[in-house]
Amino acid sequence: MTQLTLTRSSASLWRVSIENPPVNLVGSQFIIELRAILEAAENDPDLAVILFESADPDYFLAHWDLADDGSALAGRPPLVEGLTPFTDVLIRLSKVPALTVSAIRGRARGAGSEFVLATDIRFASRERAVLGQFEVTAGAIPGGGGVARLPRLVGRGRALEIMAGGEDFDGELAERYGYVNRAVPDAEFEAFVDAFVTRVSGFSVSTIRELKSEVDPRTLPEEAELAAQARLFLAALATPEVREWARQSFENGLQQAGPFEEKLAEYSARYAPKR
């Protein structure tokens, strides 16, 4: 694997480190590697907890790679017909029997935000975490599950504020809204997350799995919802307005380390389609 590194801390605890320089973009290779990890997790009866963390302190997962042409996924259709590969893999992530935890340090926007929303528990560094669904600034709605998952977590009004405003949320505000479970001071973050996943991974694996199997049908969105939102997102990407937004954004630093990605909500709004 080139972007995800799996470390088996114990039979019941896996740690997955994300590293895809320069800004940890989400693309086809990420999907392929995540699928492989989830397939292994689905077939491991001893696994209780999977922790996802980033090797880059500034970027957990920046957003979808707009330069990705999807060719790496040729011949690898989603398991559920009608879903995009990204939506499909996030559904699998949300339903994997083990408890999944995101340790968010740095930026998680767009598809990165949708990734953490698909995990069971989200812990954020109070000072370093930045979350957001900026797609509206590009002329699209979130297509990887944000529209379906956010209202279930934060309520209708706050979900619309997050997605229609397209602004960044720091760890403290994300915690207040319910976007993340808890924001922890950065100096204490690693120790806190480690203590939590170690504690849970020491409990009965079958009990953790039973707990998830009862919570999931009461809280997860229907696959049809996610498929419809993905279609709207893909349709928007094909419009001249969104293509022009992408052209101007790439010219000014999109997907490169620097001010544009650091302040994505601000910079991307400068080229927002007006129609």
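What joins β1 to β2, and through how many residues? I looked this up before anything else, keeping in mind that the model is predicted, and found that a hairpin of four residues makes the connection.

**Entry: the first pair of strands.** I followed β1 and β2 along their pairing, which is antiparallel and runs over five bridges. As a landmark I noted L6, which stands opposite V16 in β2.

**Entry: the whole sheet.** I then traced the sheet outwards and wrote down its order as β1-β2-β3-β5-β7-β10, six strands in an open sheet with mixed pairing. I noted that β1 (4–8) and β10 (182–184) each have a single partner strand, so one side of each is left without a neighbour in the sheet. From one strand to the next, the twist averages 20 degrees. I reminded myself that strands of a sheet pair through backbone hydrogen bonds, either parallel or antiparallel. For a parallel case I went to β2 (residues 13–18) and β3 (residues 49–54), which are joined by six bridges, and there I found I18 opposite S54 in β3.

**Entry: helices on the sheet.** I looked next at helix α3 (residues 111–118), which packs on the sheet and touches β3, β5 (99–104) and β7 (121–125), with its direction at about 140 degrees to that of β5. Helix α7 (residues 186–201) lies across β2, β3, β5, β7 and β10, and I noted that it runs at about 160 degrees to β7.

**Entry: a buried arginine.** Which side chain of opposite charge is nearest to R107? I located R107 in strand β6 (residues 107–109) and found that the answer is D58, 4.5 Å away, and that R107 is buried yet has no salt bridge; the cut-off for a salt bridge is 4 Å. The backbone oxygen of D58, however, lies 2.9 Å from a polar atom of the R107 side chain. Among the other residues that R107 touches I listed Y59, F60, V130, E261 and E262.

**Entry: unusual backbone.** Most residues other than glycine have a negative phi, and most peptide bonds are trans. With that in mind I noted the bond from P21 to P22, which is cis with omega near 10 degrees, and I placed P22 in the loop between β2 and α1 (28–42). N24 also lies in the loop between β2 and α1, and its phi is positive, about 55 degrees. Is N24 buried or exposed? I found it buried, with a relative accessible area of 2%. Q255, in the loop between α10 (240–251) and α11 (259–262), has a positive phi near 70 degrees and is buried, with a relative accessible area of 9%.

Conventions
Residues numbered from 1 in each chain as written. Predicted model: local features only at pLDDT ≥ 70, side-chain atom pairs only at ≥ 80, totals over all residues. Heavy atoms only, no water. Pairing = 2+ DSSP bridges. Helix = DSSP H or I, 4+ residues; strand = E, 2+ residues; numbered from the N terminus. Axes fitted to C-alpha atoms, helices over the stretch in contact; angles between N-to-C directions. Contact = heavy atoms within 4.5 Å. Buried < 20%, exposed > 50% of the residue type's maximum accessible area, 1.4 Å probe, protein only. Lys, Arg positive; Asp, Glu negative; His and termini not counted. Polar contact = N/O pair within 3.5 Å; in protein donor to acceptor, adjacent residues only side chain to side chain. Lists of a residue's contacts leave out its neighbours within four places in sequence.
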